[in-house]
Amino acid sequence: MQGTLQTTSPTTPPKSSPLRVLIAGGGIGGLAAALAIARTGGEVRVFERRAQSDEDGAGIQLGPNGTRILQSLGLADQLSSQVATPDALFVHDGPMGVRVAELPLGGWLAERHGAPYWVAHRADLHAALRRAVDEHPLIELRHGIEIEDAETYSDEVLARSGGQIVGAGDILIAADGLRSTLRQNLFGTRLPRYSGKSAARTVIRREQIPDGILQDSVGIWLAPKGHVVHYPVRAGRELAIVVIRNDLAVDEGWATAVAHDWVKDAVQDFAAPVRSLIAASDNWRKWALFELPPLKTWVNDRVVLLGDAAHPVLPFLAQGAVLALEDALTLARCLSDSDSVPKALGSYQTQRSRRAEGVQAASRRNGQIYHLDGPLRQARNVTLTISPPKRVMASYDWLYGWRPSA
Ligand SMILES: Cc1cc2nc3c(=O)[nH]c(=O)nc-3n(C[C@H](O)[C@H](O)[C@H](O)COP(=O)(O)OP(=O)(O)OC[C@H]3O[C@@H](n4cnc5c(N)ncnc54)[C@H](O)[C@@H]3O)c2cc1C
């Protein structure tokens, strides 16, 4: 930090003013936090590094714990006509091409948790958040500004970009993602560690889906060195595909174009429908997957971490963005329920850190199970085949049933 100065800042507003919140990062976490806080009367300024949104070419799964929050933020009307609500999750052994489980999603899961399981195009989710943010009179979103540092005073925080102060607020939320600059500069944490795996993603049109691939469900094909996931997006008009594989070449980018051979190579031992599916697109983008050990603290004076900046999650439970939504709702509630910023931020961290660590650990475990080999792989397949599907899904009640503390 530029220095924690226990003095009063010259820009301090009168005490009766609404809470002034600065947010670094206009991704899913930052925009959801802006909406949740503005709904409680806070005045929010969001600074996004990118000149414009470029969320194309990838899907996102949103469990009931995430869709419940999107509904509460008023996004259900816009999103429900754009998402798909898959009826089931079909699990296969990828190389054998054998289905080992059919787990219920659709109406069964929606009834159990009071909110649906949605699968969406990332661009549609981001656009819905953007639209709500643009329409909200208490939120200002500025593009092309990278927040690099902050100065904290006893009564406010100043955000810096390019050596200039670009905003003053009661708190600064660092929602600046996996490689958070604010986390690096203000919390002195280690850099995220490469997991040894990368993900390639694409979206194809419905008419390109080959035989043997179910169009209206989530499909997952497991193998020792990687796996493939696909699900419908854009109300079923398109199919999002993700291929995860071991990868020696670490790539720092979030959307590096990747050669088709890299993806084809990952599924060369898979059953024919998966190989045909992968052949259907030659426009793949790669994301290297990183991990970060749990942080000692998410709060530094008036600066607080949210979403991937606080707790990046491996995507093997499809929960990273959903956790960011949970963070956003919890932080907004803590801020509106407390008359003291330090108390509110402390309460937010207490409510969120164990939950995030639990989901991080479960995601890592899922990845290990997905990539089992030899007798353990056979044992996994047998276990999934004989387990009652509803009981398997009920074992995720702790995940999908999340609600903020009263
Ligand atoms: C292959 C893959 C599949 C996934 N699938 C799912 C899924 O199905 N379901 C799910 O819930 N999650 C999924 N995730 C995880 C999910 O994408 C992330 O957890 C989520 O995007 C985190 O949101 P965020 O807002 O915290 O960070 P980000 O999405 O990274 O957003 C951060 C934003 O901050 C901006 N920024 C960065 N630095 C600065 C700065 N200094 N100043 C200003 N702006 C800045 C960036 O440009 C970006 O817009 C997946 C991830 C991967 C890699």
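This report describes the ligand site and the two domains of a predicted model.

## Ligand shell

The shell around the ligand holds 29 residues, of which G29, E48, Q61, I147 and D308 come nearest. By class, 12 of the shell residues are nonpolar, 9 are polar and 8 are charged.

## Polar contacts and burial

Two backbone contacts and one side-chain contact are described here. Q61, one of the nearest residues, places a backbone N or O atom 2.8 Å from an oxygen atom of the ligand. A polar side-chain atom of R50 is 3.0 Å from a ligand oxygen atom. At R49, a polar backbone atom lies 3.1 Å from a nitrogen atom of the ligand.

The ligand on its own exposes 1000 Å², and the protein buries 93% of that area. Two or more shell residues come from each of the elements α1 (28–38), β3 (43–48), β4 (59–62), β13 (193–205) and α9 (320–337). The largest share is that of α9, with 3 residues.

## Domains

The protein chain is divided into domain 1 (1–49 + 144–192 + 293–369) and domain 2 (56–121 + 193–291 + 372–406). Their centres, taken over C-alpha atoms, are 29 Å apart. Domain 1 gives 34 residues to the contact between them, and domain 2 gives 32.

About 2800 Å² is buried between domain 1 and domain 2, with carbon and sulfur atoms giving 64% of this area. Both domains also take part in the ligand site: each supplies at least three residues to the shell.

Key:
Residues are numbered from 1 along each chain as its sequence is written. This is a predicted model: local features need pLDDT of at least 70, side-chain atom pairs count only at pLDDT 80 or more; totals for chains, interfaces and linings use all residues. Side-chain values use heavy atoms; hydrogens and water are left out. A residue is near a molecule or strand if one of its heavy atoms lies within 4 Å of it. A polar contact is a pair of N or O atoms within 3.5 Å; within protein, one must be able to donate a hydrogen and the other to accept it, and residues adjacent in sequence count only if both atoms are side-chain atoms. Accessible areas come from the Shrake-Rupley method with a 1.4 Å probe; for residues, only the protein chains shown count as cover. Helices (H or I, at least four residues) and strands (E, at least two) are DSSP runs, numbered from the N terminus. Ala, Val, Leu, Ile, Met, Phe, Trp, Tyr, Cys and Pro count as nonpolar, Asp, Glu, Lys and Arg as charged, and the others, Gly among them, as polar. Domain bounds come from an automatic or database domain assignment. Contact means heavy atoms within 4.5 Å. Buried area is the accessible area (1.4 Å probe) that two parts lose on being put together, summed over both.
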